[in-house]
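Please open the structure in your viewer and keep the selection tool at hand, since each stop on this tour begins with something to pick out and then says what is there.

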Amino acid sequence: MFLQQIANALALSAVYSLFAIGFTLIFGVLEVITLAHGAVFMMGAFAGLIAVTKFNAGLASTLLVSMIVSGLAGYLIDLIAVGPLRKRKFHHLAPMIATIGCATIITSTYQGIFGAEAYRFPFDFVPSTSYDIVGIQLTLLQLIIIGISLFLMVVLIFFLNKTRWGKAVRAVAENPRTAALLGIPVEQVFRLTMSISSAFGGAAGVLTGLNFNTIHTFMGGPILHRGIAVIILGGMGDIRGAMAGGLILGFSEILSVAYISSDFRDAISFGLLFLILLVRPSGIFGKVIERKG
Amino acid sequence: MPELITSFWQTYNTLFYTVFVHGMLALSIYITLSCGQLSLGNAAFMGIGAYTAALLTMKAGAPFGISLIAGGFLPAVVALIIGIPTLRLSGVYLAMATLGFGEVVRVVILNMEITGGSLGLNGVPLKTELWHLILVMGILIYFFIKLRNSRFGRILEAINEDEVAASVMGIRATYYKVWAFAIGAFIAGVAGGLNAHFTFFISPREYGFEPAVDILTFAVLGGTRTLWGPLAGSTILTILPELFRFLGPYRLALNGIILVLVVLYLPNGIVNRDTFTNLKRFFKKEENA
Amino acid sequence: MLKGEHITKDFGGLRVLGDVSFEVKEGLIFGLIGPNGAGKTTVFNIISGLLKPTSGRVTFDGRDITNRPPYEITGYGISRTFQNIRVFREMTLLENVLVGMHRLFSYSAFSMFFDLPKKRSEEKDLREKAFEILSIVRLTEKADLKAESLSYGEQRKLELARALATEPKLLLIDEPAAGMNPAETEELMEEIVHINGKGYTICLIEHDMKVVMGICSHIAVLNFGELIAEGSPDDIKANPEVIEAYLGKEELSA
Ligand SMILES: Nc1ncnc2c1ncn2[C@@H]1O[C@H](COP(=O)(O)OP(=O)(O)OP(=O)(O)O)[C@@H](O)[C@H]1O
Ligand SMILES: [Mg+2]
């Protein structure tokens, strides 16, 4: 029983981490909390659903479609709402409010189209076999979710550390002004970051849809709360932190549902968030953000 | 003729009442925005206030006034608890913490017996009368006018403009931000109490993220530089949706579009301090012409 | 009155200040000079509590103020201006100064709400006082204008007035003449000397050598985060290391 919980927790954590990585990367590079990340996640799930049900897509192409649709959404959000705010000196809350606007537009449009009901993937989309790995029973679906998540994270880390554009992203995260002086096209890096991060959000969306086999237009809200808890837990802007934070939240939720009560599952992320704000507001890996004179 | 008025009133009095309640909610977020903090928990505070006040009148037979005040205090206390660890940190933390907070309130209300769980509370006595709303609104407007021209108002504005500069002026920003947040929660709670006592029925669904975005939209559209901005914003956005009913489920998207457009093209909202000077100038020109 | 002892500051591995010690004596104008990026503003940020030093300590009137929050440090009697002007742009000049004076106000929220005499008399008296402070920098006629409507130089003066309003013992002024023409600079320096004459101790960061040499009685020179010289203007002028590091080919005949 306990080992089974570990399998569930691993799959859940993987998706949380995947969602939070994009979220935290956007904060690290753009210094913006995009409250549209939940909506983008939901878009990814629906894109995957349509790819499967309407076009009989396989797993890989479903994932790809989700990531492209969500990545495009991220690109557009930056193009229309967030990007223009960078050019002028605005109130520091302005970008966040703009992303709330985007979230509302996306979510209510989807609600208009898809209504409030839950959608499912075809019954046999992923065969229900399971495997025994070091004593833990993992379903094929769980393996796929964990595998894809890990794969994407590794690709992202490789991208950031080894490629030219990745290094540019890191330089901008470090200091946009210095990066600009070094000849890095900062605007493009911002937009690229929004796109990649949103694509990751979309992947998390379709994997969540598979994991629980339900997709609905409200699914962006709860994941957004969790994403916020995860990135504060891990330290804002820190990728390792997002991964660790995802694990902590995933395990906390599964274990408390299993051994305490399922009623308060949705409140656990807030509990963790509040706790970390009390004891270590900079998060596990985070540095204290210093104010400038 | 009087018949016409009576029937008009019967159709639209709830809307009219709602304009007042939304105005109060807009002011409740205005006070936090006016010191540069974004609270997305005001719908939840409204919910706490609504349940507290409604339960006090229904189960304890408390006088309406007492219920309302209690419905303001409980959210204020909760706001202090959330605000103290959160508001010492940079501006985005309050928004993030209060976003998840609405969820917690929903879950707690759902799982309590006394609140009626997901069924909500039915049969809240109809106690709110128009003069209650006018009185409370009057007090709020008076308070905000007094605040504006006092040392407290200046401190909030200084924090809003430049927290670092304010801190080297000797201002303990966290302290004032926490109070502003708690006062906002108090106002939202009272508004919730008033609302519960004319809608007859309340349920946890009414106090989640979407109403929080509505409240934010009121203030952002109206403008947060003067107290008239949020009031104008809430009035417009309460009456306007009646005209946009035909949009059905897409109506909410309107809020989002407004938020994005206002932030981009009208960062001071539709009412700001220059509005008044511009108006004066406009009318002077008319006279001259 | 103000002492910095072995202050070191790192920004993510980059050492910006290394073992800097200095002392500002009561009643004088202390000059802090150095080339761009030497770490001067960082010294001010550490004194005023906006940054925490990596190591070392700051004492003021014998009290350890290292790692105290900025509002508390202001309360002890240290005030500052910013290199990159930070007036409250949307507020009037008078309101800017009143914000600086906020510790002198004591009326309660209750007095505010009911407009009690205590509030009214306090607001009236302190408004008058704010006018006096504005008159020190000759900005009284513009008292009711928004700060953003002022010229660059006037905004710097307003910041000075706002800093004075906190009733400091020590005033930290960061490049007040930046962006001003020579005539304006001269006038400003006279004002600073005038303020100093009223009993305020002053610590001044300034690029213009003439200015510093003219009004400071003690000067410290920072270069790449190291204190390379300290002494009277004449000592500094004669110091070869200073000439080498900071002045380069610039002429020294002040
Ligand atoms: N918050 C910060 N984070 C990272 N580096 C910083 C920060 N503040 C200052 N620095 C760096 O520290 C060094 C010293 O900066 P500082 O502003 O103290 O110099 P300064 O002597 O005041 O220069 P200037 O004459 O240009 O005002 C610079 O290299 C600057 O880039
Ligand atoms: Mg400097």
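Begin by selecting Gln83(C), which in this predicted model is partly exposed, because its relative accessible area of 30% falls between the 20% under which a residue counts as buried and the 50% over which it counts as exposed.

Next, add the magnesium ion (ligand 2) to the selection, and you will find that Gln83(C), through OE1, and Thr41(C), through OG1, coordinate the ion at 1.9 to 2.1 Å. Trace the chain between these two residues, which are 42 residues apart and link distant parts of it: Thr41(C) sits in helix H1 (residues 40-47) of chain C, while Gln83(C) lies in the loop between strand E6 (78-80) and helix H3 (93-100) of chain C.

Now select Arg86(C) together with Asp162(B), a pair that forms a salt bridge in which the closest N and O atoms are 2.7 Å apart. Between chain B and chain C the count is five salt bridges, and there are also twelve residue pairs in polar contact, both residues being at pLDDT 80 or more.

To see which parts of chain B face this way, colour helices H5 (130-148), H6 (151-161), H7 (163-168) and H12 (273-288) of chain B, each of which supplies at least two residues of the side that touches chain C. H6(B) gives the most to that side, with seven residues. Sorted by class, the side of chain B that touches chain C has 14 nonpolar, four polar and eleven charged residues.

Finally, show both chains together: 29 residues of chain B are in contact with 34 residues of chain C, and the area buried between the two chains is about 2,700 Å², of which carbon and sulfur atoms give 62%.

How values were computed
Residues are numbered from 1 along each chain as its sequence is written. Chains are lettered from A and ligands numbered from 1 in the order in which they are written. This is a predicted model: local features need pLDDT of at least 70, side-chain atom pairs count only at pLDDT 80 or more; totals for chains, interfaces and linings use all residues. Side-chain values use heavy atoms; hydrogens and water are left out. Donors are N, O and S atoms within 2.8 Å of the metal (3.2 Å for Na, K and Ca); water is not among the atoms, so sites may look incomplete. Helices (H or I, at least four residues) and strands (E, at least two) are DSSP runs, numbered from the N terminus. Buried means under 20% relative accessible area, exposed over 50%, partly exposed in between (1.4 Å probe, protein chains only). Contact means heavy atoms within 4.5 Å. Buried area is the accessible area (1.4 Å probe) that two parts lose on being put together, summed over both. A salt bridge is a side-chain nitrogen of Lys or Arg within 4 Å of a carboxyl oxygen of Asp or Glu. A polar contact is a pair of N or O atoms within 3.5 Å; within protein, one must be able to donate a hydrogen and the other to accept it, and residues adjacent in sequence count only if both atoms are side-chain atoms. Ala, Val, Leu, Ile, Met, Phe, Trp, Tyr, Cys and Pro count as nonpolar, Asp, Glu, Lys and Arg as charged, and the others, Gly among them, as polar.
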